[in-house]
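Subject: Structure for your review

Dear colleague,

Please find below the structure that I am handing over to you. I would ask you to look at it first and then to read the findings that follow.

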Amino acid sequence: MRIYIFVTWHNSATSMGAQLFVLQVIAATFVSVCVGVLWYTPRLFGRLWWSIQFPGRKFGDGVANSTTLPFLSAASYLLQNSAIVVLMNWMLQATIESTAPVPLLVAVVMVTVNAAANFPHYLYGRQPIHLYAIYCGHDVVQLVAATTAAYVLA
């Protein structure tokens with residue numbers, strides 16, 4: 001009898017944990033996509049990004065009508081946000097007694113790794129520093145927003 005109750009409780013707790021994980025990843029991915037859409041609008045950094053990335057072309061000229069690009073972007077956000085949620089939940093368990101700002105710590109770790117890993121590509125590719133700043137700025141805002149969204153649901 002005791003074994004049956006433990007197994008039933010363990011299965012329901014595992015199921016709730018999996019559902020929460022999926023919900024955290026979906027919420028973080030939704031927020032990530034929203035940040036990306038807003039970041040690259042013409043009113044924020046879209047025109048500047050376009051002029052650096054595609055010099056001599058008018059904003060929006062020659063953009064392929066690809067329906068796969070948004071899905072590929074969302075898929076990469078799903079993978080990234082899965083790692084964020086795993087890292088954040090692990091840090092939350094490790095610092096259960098602490099008052100450490102876990103979402104901020106996770107975002108700082110992810111942004112630092114990302115910025116350090118990408119900088120040599122811009123350096124050796126002779127890319128303008130403005131382009132690097134636009135991408136890193138987006139990553140900072142996106143990672144903080146995604147981590148915060150996942151943390152709110154934790």
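Buried residues account for 25% of the 154 residues in the protein. Please bear in mind that this is a predicted model. The protein has five helices and zero strands, and its pattern along the sequence reads α-α-α-α-α. Of the contacts in the protein with a separation of 6 or more, 72% are between residues 24 or more positions apart.

**Helix α3**

I suggest that you begin with helix α3, which covers residues 68-94. This helix has 27 residues, and from its first C-alpha to its last it reaches 39 Å, close to the 39 Å expected at 1.5 Å a residue. Which residues of α3 are buried? They are Tyr77, Asn81, Ile84, Val85, Met88, Met91 and Leu92. A general point helps in reading such a list: an α-helix has 3.6 residues a turn, so residues three or four places apart point the same way.

Asn81 lies in α3 and deserves a closer look. Because its relative accessible area is 0%, and buried means under 20%, Asn81 is classed as buried. Leaving aside residues up to four places away in sequence, Asn81 touches Val25, Ala28, Thr29, Ser32, Gln142 and Ala146.

**Helix α3 with helix α5**

Gln142, one of the residues that Asn81 touches, is located in helix α5, residues 129-153. Is Gln142 buried or exposed? Its relative accessibility is 1%, so Gln142 counts as buried. The side chain of Gln142 forms a polar contact of 3.2 Å with the side chain of Gln80. If residues up to four places away in sequence are not counted, Gln142 touches Ser32, Val35, Tyr77, Gln80 and Asn81.

Two packed helices are described by the angle between their axes and the distance between the axes. The axes of α3 and α5 come within 10 Å and cross at roughly 55°. That angle makes α3 oblique to α5, and their crossing is right-handed. On the α3 side, the residues that meet α5 are Tyr77, Gln80, Asn81, Ile84, Val85, Met88 and Leu92. Their partners in α5 are His138, Gln142, Leu143, Ala146, Thr147, Ala150 and Tyr151.

**Helix α3 with helix α4**

What is the angle at which the axes of α3 and α4 cross? They cross at roughly 135° and come within 10 Å. The two helices are therefore oblique to each other, and α3 passes α4 in a right-handed crossing. Here Ile84, Leu87, Met88, Met91 and Leu92 in α3 meet Val102, Leu105, Val106 and Met110 in α4.

Val109 also belongs to helix α4, which spans residues 102-124. With a relative accessibility of 42%, Val109 counts as partly exposed, because that class lies between the 20% limit for buried and the 50% limit for exposed. Val109 and Leu87 are 22 residues apart along the chain, and their C-alpha atoms are separated by 10.0 Å.

**Helix α2 with helix α5**

Helix α2 comprises residues 46-53, and its axis comes within 10 Å of the α5 axis, with a crossing at roughly 135°. That makes α2 oblique to α5. The crossing of these two helices is left-handed. In α2, the residues concerned are Leu48, Trp49, Ile52 and Gln53, which meet His130, Leu131, Ile134 and Tyr135 in α5.

**Two further residues**

Gly36 is part of helix α1, residues 2-39. Why is Gly36 classed as buried? Its relative accessible area is 14%, and the class requires a value under 20%. Although Gly36 and Val141 are 105 residues apart along the chain, their C-alpha atoms are separated by 9.2 Å.

Arg126 sits in the loop between α4 and α5. Its relative accessible area is 70%, so Arg126 is exposed. Arg126 is not a glycine, yet it has a positive phi of about 55°.

When you open the structure, I recommend locating Asn81 in α3 and then Gln142 in α5, and following their contacts from there.

Yours sincerely

Note on methods:
Residues are numbered from 1 along each chain as its sequence is written. This is a predicted model: local features need pLDDT of at least 70, side-chain atom pairs count only at pLDDT 80 or more; totals for chains, interfaces and linings use all residues. Side-chain values use heavy atoms; hydrogens and water are left out. Helices (H or I, at least four residues) and strands (E, at least two) are DSSP runs, numbered from the N terminus. The expected span of a helix is 1.5 Å times one less than its number of residues. Buried means under 20% relative accessible area, exposed over 50%, partly exposed in between (1.4 Å probe, protein chains only). A polar contact is a pair of N or O atoms within 3.5 Å; within protein, one must be able to donate a hydrogen and the other to accept it, and residues adjacent in sequence count only if both atoms are side-chain atoms. Contact means heavy atoms within 4.5 Å. Axes are lines fitted to C-alpha atoms, for helices over the stretch in contact, and angles run from 0 to 180 degrees between N-to-C directions. Angles under 35 degrees count as roughly parallel, over 145 as roughly antiparallel, 65 to 115 as roughly perpendicular and the rest as oblique. A crossing is left-handed if the near helix is turned anticlockwise from the far one by less than a right angle, and right-handed if clockwise.
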